Amino acid sequence: MSSDRNPLRLGSIAPDFEAETTKGHIKFHDFIGNSWVILFSHPADFTPVCTTELGVVARLQPKFDERNVKVIGLSANGLESHQEWIKDINEVNDVDLKFPIIADADRKISTLYDMLDYQDLTNLDAKGIPFTVRSVFIIDPKKTIRLTLSYPASTGRNFDEILRVVDSLQLGDKNRITTPANWKHGEKVIVHPSVTNEEAATLFPGFKTVKPYLRFATLPGTQPATI
């Protein structure tokens, strides 16, 4: 299952692929279109942590929609299994899961995106092939990878944090800012070091200088978001 391709890094173009999903056949770059995308993988269908995770994402669907973000899952099983699993997800979490889940029983896409588990020797299928870890890729409309995360199969993800990163990336693309630790939408941001004080006075009226390299500002029109 190893690959001799270059590793995926922040700033890499997300590899294109074609796949069958619970919402039909897709070509990934066409699926992205002009949206942001969160691609996230699961070790297998009908596993406890995965069932709760997908319920959380389904419940957060309106929050992703507000941010022009498409979500798409991947699990190392086939379409028939996925469709039956979705029934459990909806029942257990009292949701209506609408986003697609990729069928990747042969691990082709998991291998392409380096999602396979090489640490947990119990995370194998009946043929001894590794299942996926809990990988997350945030991809922008230019098909550029902007964030990667990998969780072990045993640990559920924090999707509030993933939404927080989307907010930071989108605001940073529109404004010359960065965001501090534990920042949430609507809180003070950091003026990018490339911005002079003269520019900052126009871009960020009332900005505060703490150190020459550390200047805080409030973006006009931003309000705290409910995540």
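Let's start with R157. This residue is buried, with a relative accessible area of 8%. The cut-off for buried is under 20%, so R157 falls on the buried side. Keep in mind that we are looking at a predicted model.

What does R157 pair with? Its side chain meets that of E53 in a salt bridge, 2.7 Å from N to O. Now look at where the two partners sit. R157 is in the loop between β7 (145–151) and α6, while E53 is in helix α2. The pair therefore ties together parts that are 104 residues apart in sequence. E53 is buried too, at 3% relative accessibility.

E53 has another partner. R134 also forms a salt bridge with E53, and here the closest N and O atoms are 3.2 Å apart. R134 lies in strand β6 and E53 in helix α2, so this pair joins parts 81 residues apart in sequence. Both R134 and E53 are buried. Put the pieces together, and you have E53, R134 and R157 linked in a network of salt bridges.

A word on the principle. Side chains of opposite charge can pair when their charged atoms come close.

The structure holds 11 salt bridges. Let me show you one outside that trio. R146 bridges to D140, with the closest N and O atoms 3.1 Å apart. Are these partners buried or exposed? D140 is buried, with a relative accessible area of 7%. R146 is partly exposed, at 22%.

Next, C50. UniProt lists C50 for "active site", and the entry is unreviewed. In the model, C50 sits in helix α2. C50 is buried, with a relative accessible area of 0%. What does C50 touch, if we skip residues up to four places away in sequence? The answer is H42, P43, A44, W85 and R134. You have met R134 already: R134 is the salt-bridge partner of E53.

Now the nonpolar side. The largest nonpolar core has 27 residues. Which members touch the most other members? They are I38, F40, F99 and I138. Several elements give two or more residues to this core: β3 (36–42), α2 (48–59), β4 (69–75), α4 (79–93), β6 (134–139) and α6 (159–174). The top contributor is α6, with 6 residues. Apart from this core lies another one, of 18 residues. Its members include A19, I72, I109 and M115.

Let's zoom in on F40. Leave aside its neighbours within four places in sequence. F40 is then in contact with residues including L54, V57, V71, F99, R157 and F159. So R157, where we began, is on the contact list of F40 as well. Two of those contacts are worth a closer look.

The structure holds 7 aromatic pairs. Take F40 and F99. Their ring centres are 5.9 Å apart and their planes are at 55 degrees, so the pair is tilted. F40 lies in strand β3, and F99 in the loop between α4 and β5 (101–103). That pair therefore ties together parts 59 residues apart in sequence. Both F40 and F99 are buried.

Now F40 and F159. How are these two rings arranged? This aromatic pair is edge-to-face, with 5.6 Å from centre to centre and 75 degrees between the planes. F40 is in strand β3 and F159 in helix α6, so the pair links parts 119 residues apart in sequence. F159 is buried, like F40.

There is an aromatic cluster as well. F17, F28, F31, Y113 and F137 form it. One of its members, F31, has a charge over its ring. The charged end of K70 sits there, 5.0 Å from the ring centre.

Finally, step back to the whole protein. How many helices and strands does the protein have? The count is 7 helices and 11 strands. Of its 227 residues, 47% count as buried. And think about contacts with a separation of 6 or more. Residues 24 or more positions apart account for 64% of them. You have seen examples today, such as R157 with E53, 104 residues apart, and F40 with F159, 119 residues apart.

Definitions and conventions. Residues numbered from 1 in each chain as written. Predicted model: local features only at pLDDT ≥ 70, side-chain atom pairs only at ≥ 80, totals over all residues. Heavy atoms only, no water. Core = buried A, V, L, I, M, F, W, Y, C linked by side-chain atoms within 4.5 Å. Buried < 20%, exposed > 50% of the residue type's maximum accessible area, 1.4 Å probe, protein only. Helix = DSSP H or I, 4+ residues; strand = E, 2+ residues; numbered from the N terminus. Contact = heavy atoms within 4.5 Å. Phe/Tyr/Trp six-rings, centres within 6.5 Å; stacked < 30°, edge-to-face > 60°. Lys NZ or Arg CZ within 6 Å of the ring centre and 35° of its normal. Salt bridge = Lys/Arg side-chain N within 4 Å of Asp/Glu carboxyl O. UniProt positions renumbered as here; feature names shortened; annotations may be inferred.
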